[in-house]
Amino acid sequence: MGLEKTQAVVIGRRGLGESDRIVTFYTRRFGKVRGVARAARRPRSRFGSALELFTLGELIFFDTGRSDLLRVDHFDIVHPFSRIREDLERFGQASWIVECVGRLTAEMDRHPALYGLLLRSLRAVESTARPARAAICFGVRCVDALGHRLRLDACVGCGRAYPFARPHLDLDGGGLVCGGCEPEAAAGFPVSPEAVAGLERLRALPWEEAVATPLPRVEPELARVLDAQVSRLIGQPTRTPRFLREIRRLYSGGRA
Ligand SMILES: [Zn+2]
């Protein structure tokens, strides 16, 4: 592939050896890529603070074709999203967003719509008074964009039209199940009719309205439903919710 240039967001990073860094980007042109930034952890690195989590920049990388790790040549900041890193709640919600993108996508599988959604979501998390809502709106659209939309209009077991009493979600079956089919569902859990309505509402509304619309009562349940779905898709629990619970506990004075 040689030398390539694309806009990209830093969605993951870890140290390599003494002074290098492995950085995972989600790029507009190539989807997810991983590369080595040589000497990035040295005090006077030419990358400076550009490789911080969530940073949007212009990435120039070289693909030698000999390794699944690219060589990161330049990453010039377009927008640092620094406000996200200054606030633990914003940081936590944005971490869940980039974790979803990182774990639900394969390398070099381009998806411009998901790239657009990622940027829109980080902008919302940075600027809104309700970062948790922005993450939920991201989650709803992310699973849809990747072809995992849950069926909410009928029971996936028997086809009976919703609404019905005691709705459950069957994540393996891909949608709602009725009380009669629920015992057959392998990965079912109860869901409130308000949460089902909330999910449908957030899907139907344009982005700006979805981020702003008030749904305070069902917000925690929607976050749990989406996280359960993502965890099911990646085959293990996501890492971020535990972190979010921990910071909320710390900031409520340890009362929780
Ligand atoms: Zn049924």
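Reader: How many residues does helix α7 have, and what does its reach from first C-alpha to last come to?
Author: In this predicted model, α7 runs over residues 219-234. At 1.5 Å a residue you'd expect 22 Å, and the helix comes close to that. So the tally, counting an expected span as 1.5 Å times one less than the number of residues, holds up: α7 has 16 residues and reaches 23 Å.

Reader: Which residues of α7 are buried?
Author: The bar here is 20 or more other C-beta atoms within 10 Å. An α-helix has 3.6 residues a turn, so residues three or four places apart point the same way. In α7, the ones that count as buried are Leu 222, Val 225, Leu 226, Asp 227 and Val 230.

Reader: And what do the buried residues of α7 pack against?
Author: They meet several elements, one of them a strand, β6 (168-170). The helices are α2 (88-104), α4 (131-145), α5 (193-204) and α8 (240-251). The full set, then, is α2, α4, β6, α5 and α8.

Reader: What is phi of the residue that follows α7?
Author: α7 is followed by a glycine, Gly 235. Its phi is positive, near 85°.

Reader: Where is there a cis peptide bond, and in which loop is its proline?
Author: The bond joins Tyr 162 and Pro 163, with omega about 15°. As for the place of Pro 163, that's the loop between α4 and β6.

Reader: Is Arg 166 buried or exposed?
Author: Arg 166 is also placed in the loop between α4 and β6. Its phi is positive, near 50°, though it isn't a glycine. It has 12 C-beta neighbours inside 10 Å, and 12 or fewer is the cut-off, so Arg 166 counts as exposed.

Reader: What about Met 108, how many other C-beta atoms lie within 10 Å?
Author: Met 108 is in the loop between α2 and α3 (112-127). It's a residue other than glycine with a positive phi, near 60°. It comes out as partly exposed, because the number of other C-beta atoms within 10 Å is 15.

Reader: Which element gives the largest share of the side of domain 1 that touches domain 2?
Author: The protein is divided into domain 1 (2-80) and domain 2 (90-251), with centres 29 Å apart over C-alpha atoms. In the contact, 15 residues of domain 1 meet 16 of domain 2. Elements giving two or more residues to the domain 1 side are β1 (2-16), β2 (20-27) and β3 (31-37). The largest share, 4 residues, comes from β3.

Notes
Residues are numbered from 1 along each chain as its sequence is written. This is a predicted model: local features need pLDDT of at least 70, side-chain atom pairs count only at pLDDT 80 or more; totals for chains, interfaces and linings use all residues. Domain bounds come from an automatic or database domain assignment. Two residues are in contact if their C-beta atoms, placed from the backbone, lie within 7 Å.
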